[in-house]
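Here is a short briefing on one protein chain, written to be read beside the structure. Please keep the sequence at hand while reading.

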Amino acid sequence: MAAPGARSCNLSGLLPAQTSLEYALLDAVTPEEKDSLVYQYLQKVDGWEQDLSVPEFPEGLEWLNTEGPISVYKDLCGKVVVLDFFTYCCINCIHLLPDLHALEHTYSDTDGLLIVGVHSAKFPNEKVLDNIRSAVLRYDITHPVVNDADASLWQELEVSCWPTLVILGPRGNMLFSLIGEGHKDKLFLYTSIALKYYKDRGQIRDNKIGVKLYKDTLPPSPLLFPGKVTVDHVSKRLVIADTGHHRILVVWKNGQIQYSIGGPDPGRKDGIFSESTFNSPQGVAIRNNVIYVADTENHLIRKIDLEAETVSTVAGIGIQGTDKEGGARGEEQPISSPWDVVWGSSDSEVQRDDVLWIAMAGTHQIWALLLDCGRLPKKSELRKGTCLRFAGSGNEENRNNAYPHKAGFAQPSGLSLAAEDPWSCLFVADSESSTVRTVSLKDGAVKPLVGGERDPTNLFAFGDVDGVGISAKLQHPLGVTWDKKRHLLYVADSYNHKIKVVDPKTKSCITLAGTGEASNVSSSFTESTFNEPGGLCIGDNGQLLYVVDTNNHQIKVMDLETKTISVLPVVKAGTAVVDGPSPGATQRTVPTLPRSAPSITLAPVAASPGQTLQFQLRLDFPPGAKLTEGAPSCWFLTAEDNEWLLQGQVASGEIESVSNQPTISLQIPGHCLSPEAVVSVRVFLYYCSADGSACMMKGLLFTQPLRITGAQPRGVAPVELKYVF
C-alpha cells in the first residue's frame, strides 16, 4: 500500500514531466547545464501537491541478500532507491548489471543510495527462489533482491518491459524511470542530482541497511556455475568454461586438471596463462591445441594457445557493441555478449575449419569470424580476421526466413554443427524463443526445428511437451550438440531441467533424461535430475554425453549405452581434492553416534562404474513401536577419505515410519579414483514403545567395503541393512 496521504500511481504519471526534461537535456551542452536541468526538474516534481508514490512491497515475499524483508516506507525512508525490474534470463537485464555495480561502488547506503532488484519472472522456472538465488550468485548481485513471483508490483506500476529502472525519492516518491539498457549516463546523472537535492533539504539518512550476502555463506567448490563444455576428440581432453570462477579448465578424461587459465576474479588481460583473465566465459571450441572462448561479459572472443601457453583477443574491443552488421577486423569489431562458439568451414563441400561461428546473444544474431580467407554463403570473398553478421536481423523474435538477414533470433545461446549432408547446417538453441532452429551452411536459410509457434513475435510459446515440430515445447534451452554417429541432436532444455533428444529428420523431440525437478540426483536416465543444464557435448565415439549441470556446479556424464549418469570428479593435479559440495545445496552436519551404537560391518561387495547400489533398511522394531513425532529419524551416507563416491548423490534423508523404511541409492561414479573404498550408513532413530511409556534414541553404523571392478554394470545391486532391536 502507498504511504499515508499519497496517491498510488503507475509510471505513466511521470511521463509528461520526464519527457520534457529529456528533450531539454538534448540541447544542454555542459555538465553544469545538465545538472541544473535535473535539479529544476526535481524542484518541480517534489513540489507536486501529492507524491507519485510507489506501492509498498507486499507482505510474504521472499528476499535475498538481506537480513529480512524490507519496507519502502520504514527501512528505505530517507534513501534514494533504484528499483531494478528484471528477470534473470534476459540478456538486456544482464547488460544492465555492470551499470548497477558501478553505481553501487560510487554511492553506498550510508551516502543515501540503495538498489533493490525486483525479480519479475518471464518463465515459470524463474519464479522459484532457489533458481533466483543461483542467478544472484552467478551474476554477483550484491544488493537486496525480492522475488515478486506474481509480478504484483510490476502490474501496479504498469511496467512494460525488462529491464526497467524506477528511481525513488526519500518518501517512496517516484522521480524517474529508465526503460531498457544503455542509459548509464542518465542513471548516474539522475541519482547523483537526486542525492544532492534531498541532502540540501536534510531528507537523506546515512543509516545502513541490513544487507547479508548469500554468497558469503557458501563453501568453496572447484566449479561454480559452469556454462559450457567441449571435447578434444584427438586427446580426449575436456574443456570446461568454469563461468562463475571466470576461468577455463582443460581436464583429462578422468577429471584431472591439466590447465587452469584465468580466475578466480573477473578481468580482461591477455598474456601468459598465469596472467590472463576472463569475465564469465561461456562457449568453448578446441582444435589442434587451440581453444576459442566466448568471453561473454568482456564482449570478446579469446584464443588460447595450449602449446605457447598464451591467451590473446581475436574479436571484440572489450566494450558492449551495438553494431548489427560487422565487417571489420576482429580486434576492431565491437561485439555483444557472445554466448557460444563452434568451428566450421567457409566451404560447405570441403571441411577447412576456417570459420568460427558465434552465437551473439546480445544482438540476437549468428556471427562468423574468418580464421582464414574464405567465402560465406551469399557473401563475396572475405579477408582473414573479418568478423561479421551471418544470420539474424537483430530484432528479438522467432522469425524464420530463406534470407538469413531477414530472419530473427531471440538470444541464441547454443550452437552445434552438422557439416555432413543431408544436414549441412548449424543447430541453434534460441533461448528466449524456447526453440531449436537450423541455419543452412549452403544458403544461410533459417528454418524451425522444434518448439515455439508460428507467430514470430510470440516469445512466450514455452512449456515442457514431447512432440513433433512446434507441437513440442521447450523452456529456455541453452545448449545443443550433434551426435554424428546416430544422427540425433541433444538439447539442454535448461529451465525444464531436462536433456532432450531431437531427430531432425522427423522433427520429433522427446525427453532423454531428467524428471523435470530441479535437484541433484545421478542414477538412471529416468530417475536422474538436473538444475538448469547449460551446455553439453558428445565424447568417447558417441558413447558418452557430457552435460554441464550449471546450478549443481558439476559436469554430469551420461552413458548413452548403459543409460546411467555419473558425476565427473574435477581433480587438481597431484592431489586428492575432488569436486566439492555444490554451492546452494544445503549441507547437513552428520551428528555424532552414541558410544553405545552397534557397528555392523558387511561383507565386501564388488561393484562396477555406473552401477547403482541400493541399501535397503530392514530394521526390526519392538512390537507396536512408533517413531517419535517432532524428532525426525534420519540416515546419513558417508565415505571418509573417499568423498568422490558421493558427488551428486543424495547423502541424507528422513525415516518417516516403521513400516515404510527407505532405500538408499548410491551410484558408483563412471570415473573412480580408487579400486577400493568404504562407505558407511549412519542411522539415527527416535521411537517410543507401544504404550508410550518410554521413548528412546538409538544409533546404528553400517560399514560397507567396496571393490571397484572394470566389468560392465550389472544393473541395480541390493544390499540389506538388517538389525533387530
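The points below take up the domains, the interface between two of them, an annotated repeat and some details of the backbone.

The model described here is a predicted one, and its protein chain is divided into domain 1 (11–215), domain 2 (219–577) and domain 3 (599–724). Much of the briefing concerns how domain 2 and domain 3 meet, where the area buried between the two is about 1100 Å².

**Where domain 2 meets domain 3**

- Taken over C-alpha atoms, the centres of domain 2 and domain 3 are separated by 40 Å, and at the interface 16 residues of domain 2 are in contact with 14 residues of domain 3.
- Of the area of about 1100 Å² that is buried between domain 2 and domain 3, carbon and sulfur atoms give 58%.
- On the side of domain 2, the residues that lose the most area to domain 3 are S566, V567 and P569, which together make up 31% of what that side buries.

**Polar links and the make-up of the interface**

- The rule for salt bridges finds zero of them across the interface of domain 2 and domain 3, while the count of residue pairs in polar contact between these two domains, with both residues at pLDDT 80 or more, is one.
- Two elements, β36 (554–559) and β37 (564–567), give two or more residues to the side of domain 2 that touches domain 3, and the largest share of that side, four residues, comes from β37.
- When the residues on the side of domain 2 that touches domain 3 are divided by kind, seven are nonpolar, eight are polar and one is charged.

**An annotated repeat**

- According to an unreviewed UniProt entry, residues 474–505 carry the annotation "repeat: NHL".
- In the model, the chain over residues 474–505 is 0% helix and 53% strand, and the C-alpha atoms at the two ends of this stretch are 19 Å apart.

**Details of the backbone**

- The peptide bond from W162 to P163 is cis, with an omega near -15°, and P163 is found in the loop between α5 (152–157) and β7 (164–168).
- Another cis peptide bond runs from D421 to P422, with an omega near 5°, and here P422 lies in the loop between β25 (412–418) and β26 (425–430).
- Although E309 is not a glycine, E309 has a positive phi of about 55°, and this residue is found in the loop that lies between β16 (300–305) and β17 (310–315).

Notes:
Residues numbered from 1 in each chain as written. Predicted model: local features only at pLDDT ≥ 70, side-chain atom pairs only at ≥ 80, totals over all residues. Heavy atoms only, no water. Domains from an automatic or database assignment. Contact = heavy atoms within 4.5 Å. Buried area = accessible area lost by both parts, 1.4 Å probe. Salt bridge = Lys/Arg side-chain N within 4 Å of Asp/Glu carboxyl O. Polar contact = N/O pair within 3.5 Å; in protein donor to acceptor, adjacent residues only side chain to side chain. Nonpolar A, V, L, I, M, F, W, Y, C, P; charged D, E, K, R; others polar. UniProt positions renumbered as here; feature names shortened; annotations may be inferred.
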